[in-house]
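Visitor: I would like to go through a structure with you, step by step. Please show it first.

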Amino acid sequence: MALSQRWAYFSADVYSISAKPVIFGVYVPQIMKKDISFTPVTGIYVTIARRINELDQPEWNVYLINRNPTTITNVFVTSRGYSGDDIKKKEEQQRTSTLRHYFTEIEAGQSVVVEPIMPDVFHLNNEYWVSYYVDNQIFDKKFIFVPDTITEENLVPIEELGLDGVLHE
């Protein structure tokens, strides 16, 4: 049997029409969006905080703070910056690279540095999409710092860090 004939036989066997989805002879349950419980996120915060380094220069970092009484696990943070002007042509819009960060766990009451951030991108929408697990339940939330909100006037004390920053709840 030629390779193309075997492939045709194989693919017809895998994608045969049935009432239940079967791949390689194994039943695969279909999970729909309606089947997923979307529990509201509480106790997780993203902050952009400033600290003064040894050279008396401001350094800005993005922090993820867990104020929950439980440890969160498999924490995945996706960050990107973009201009919010949809009227502009695509080539006129500003975008940063999309960065992805993974943390195995963040203990209750702890915080982690997600990434450094440059003041050059404060005029953009800075989006942080956080996904994590508590036990077997997944949680997911987008935190968006809109343009020009990361300013001296908006800094508040962040007690967990001992720094001043802009806190997004």
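Guide: One cut-off before we start. Buried means under 20% relative accessible area, exposed means over 50%, and partly exposed is in between. By that scale R80, with a relative accessible area of 30%, is partly exposed. Keep in mind that this is a predicted model.

Visitor: What does the secondary structure of the chain come to?
Guide: Read along the sequence, the pattern is α-β-β-β-β-β-β-β-β-β-β-β. The helix stands at the start of that pattern. The total is one helix and eleven strands.

Visitor: What percentage of the residues of the chain count as buried?
Guide: Buried requires under 20% relative accessible area. The chain has 169 residues. The share that counts as buried is 33%.

Visitor: Among contacts between residues at least 6 apart in sequence, what percentage join residues at least 24 apart?
Guide: A contact here requires heavy atoms within 4.5 Å. Of the contacts in the chain that pass the sequence filter of at least 6, the share joining residues at least 24 apart is 58%.

Visitor: Which strand supplies the largest share of the largest nonpolar core?
Guide: In soluble globular proteins, nonpolar side chains tend to be buried together. The largest nonpolar core here has 28 residues, and L64, V75, Y128 and Y132 touch the most other members. Strands β3, β4, β5, β6, β7, β8 and β9 each supply at least two residues. The largest share is four residues, and it comes from β8.

Visitor: How many residues are in the second, separate core?
Guide: This core is separate from the one just described. Its members include A49, Y63, L161 and L163. The count is seven residues.

Visitor: Which residues does L64 contact, leaving aside neighbours within four places in sequence?
Guide: L64 is among the residues that touch the most other members of the largest core. Its contacts include I44, Y45 and V46, as well as V75 and V77. The others are I106, Q110, S111, V112, V114 and V130.

Visitor: Is N66 buried or exposed?
Guide: N66 lies in strand β4. Its contacts beyond four places in sequence include G43, I44, T71, I72 and I106. Its relative accessibility is 1%, so N66 counts as buried.

Visitor: Which backbone nitrogen does the side chain of N66 reach?
Guide: A polar contact needs N or O atoms within 3.5 Å. The separation here is 2.9 Å. The backbone nitrogen belongs to N68.

Visitor: How many salt bridges does a search of the whole structure find?
Guide: Side chains of opposite charge can pair when their charged atoms come close. One of the bridges joins R51 and E59 at 3.1 Å, N to O. R51 is partly exposed, with a relative accessible area of 31%. The search finds four.

Visitor: How many residues apart in sequence are the parts tied together by E160 and R67?
Guide: Their side chains meet in a salt bridge at 2.5 Å, N to O. E160 lies in the loop between β10 and β11, and R67 in the loop between β4 and β5, so the pair ties together parts whose separation in sequence is 93 residues.

Visitor: Is E127 buried or exposed?
Guide: E127 forms a salt bridge with R80, the closest N and O atoms being 3.1 Å apart. The pair links distant parts of the chain, with E127 in strand β8 and R80 in strand β5, 47 residues apart. E127 has 6% relative accessibility, so it counts as buried.

Visitor: Which strands stand at the edges of the open sheet?
Guide: Four strands form this sheet in the order β6-β5-β8-β9, and the pairing is antiparallel. The twist averages 15 degrees from one strand to the next. A strand with a single partner has one side left without a neighbour in the sheet, so the edges are β6 and β9.

Visitor: What is the bridge partner of T78 in β6?
Guide: β5 and β6 pair in the antiparallel sense over seven bridges. The partner of T78 in β6 is R100.

Visitor: How far apart in space are T39 and D140, C-alpha to C-alpha?
Guide: T39 lies in the loop between β2 and β3. Its contacts beyond four places in sequence are Q137 and F139. T39 and D140 are 101 residues apart in sequence, and their C-alpha separation in space is 8.7 Å.

Key:
Residues numbered from 1 in each chain as written. Predicted model: local features only at pLDDT ≥ 70, side-chain atom pairs only at ≥ 80, totals over all residues. Heavy atoms only, no water. Core = buried A, V, L, I, M, F, W, Y, C linked by side-chain atoms within 4.5 Å. Buried < 20%, exposed > 50% of the residue type's maximum accessible area, 1.4 Å probe, protein only. Polar contact = N/O pair within 3.5 Å; in protein donor to acceptor, adjacent residues only side chain to side chain. Pairing = 2+ DSSP bridges. Axes fitted to C-alpha atoms, helices over the stretch in contact; angles between N-to-C directions.
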